Amino acid sequence: MLAMARALLPPPKLLLLDEPSMGLSPIMVEKIFEVVREISKEGLTVLLVEQNARLALQAANRGYVMDSGSVMMTGDAKIMLDAPKVRAASYLGE
């Protein structure tokens with residue numbers, strides 16, 4: 001949270017976040033994603049790299065799913081949440 005606050009001070013044109021949920025409790029992960037969604041609603045562009053595909057796609061407008069360094073799928077994040085190819089690859093924890 002402190003790193004995010006420091007990143008927002010300048011104010012930035014773009015916020016880059018790499019695995020903001022790593023090592024956090026489930027409650028803190030939800031709080032982080034609430035902040036990410038709020039920042040995005042305020043008009044700041046956010047580039048998020050996250051292994052928790054479900055939370056990342058729920059918070060995003062556009063998504064890119066990578067597998068072994070290659071882009072496997074790209075498109076509207078809400079549509080990607082229901083994409084059989086994404087589900088079959090178990091990115092959504094199913």
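Here is a short chat about the fold and the largest pocket of a predicted model.

Reader: What kind of model is this, and how are residues numbered?
Author: This is a predicted model, where local features need pLDDT of at least 70, side-chain atom pairs count only at pLDDT 80 or more, and totals for chains, interfaces and linings use all residues. Residues are numbered from 1 along each chain as its sequence is written, and side-chain values use heavy atoms, with hydrogens and water left out.

Reader: Ok, how many helices and strands does the chain have?
Author: Five helices and four strands, taken as DSSP runs numbered from the N terminus (helices H or I, at least four residues; strands E, at least two).

Reader: And in what order do the elements run?
Author: From the N terminus on, α-β-α-β-α-β-β-α-α.

Reader: How much of the chain is buried?
Author: Of its 94 residues, 31% count as buried, meaning under 20% relative accessible area with a 1.4 Å probe, protein chains only.

Reader: Switching topic, which residues lie nearest the centre of the largest pocket?
Author: Leu48, Val49, Arg62, Gly63 and Tyr64, out of 23 lining residues. A pocket here is an open set of points on a 1 Å grid where a 1.4 Å probe fits, with protein on both sides within 12 Å along at least five of seven lines; lining residues have an atom within 4 Å of a point.

Reader: Which elements supply the lining?
Author: α2 (26-41), β2 (45-49), α3 (53-59) and β3 (62-67) each give at least two residues to it.

Reader: What's the split between nonpolar, polar and charged there?
Author: The lining has 15 nonpolar, five polar and three charged residues, with Gly counted as polar.

Conventions. Buried means under 20% relative accessible area, exposed over 50%, partly exposed in between (1.4 Å probe, protein chains only).
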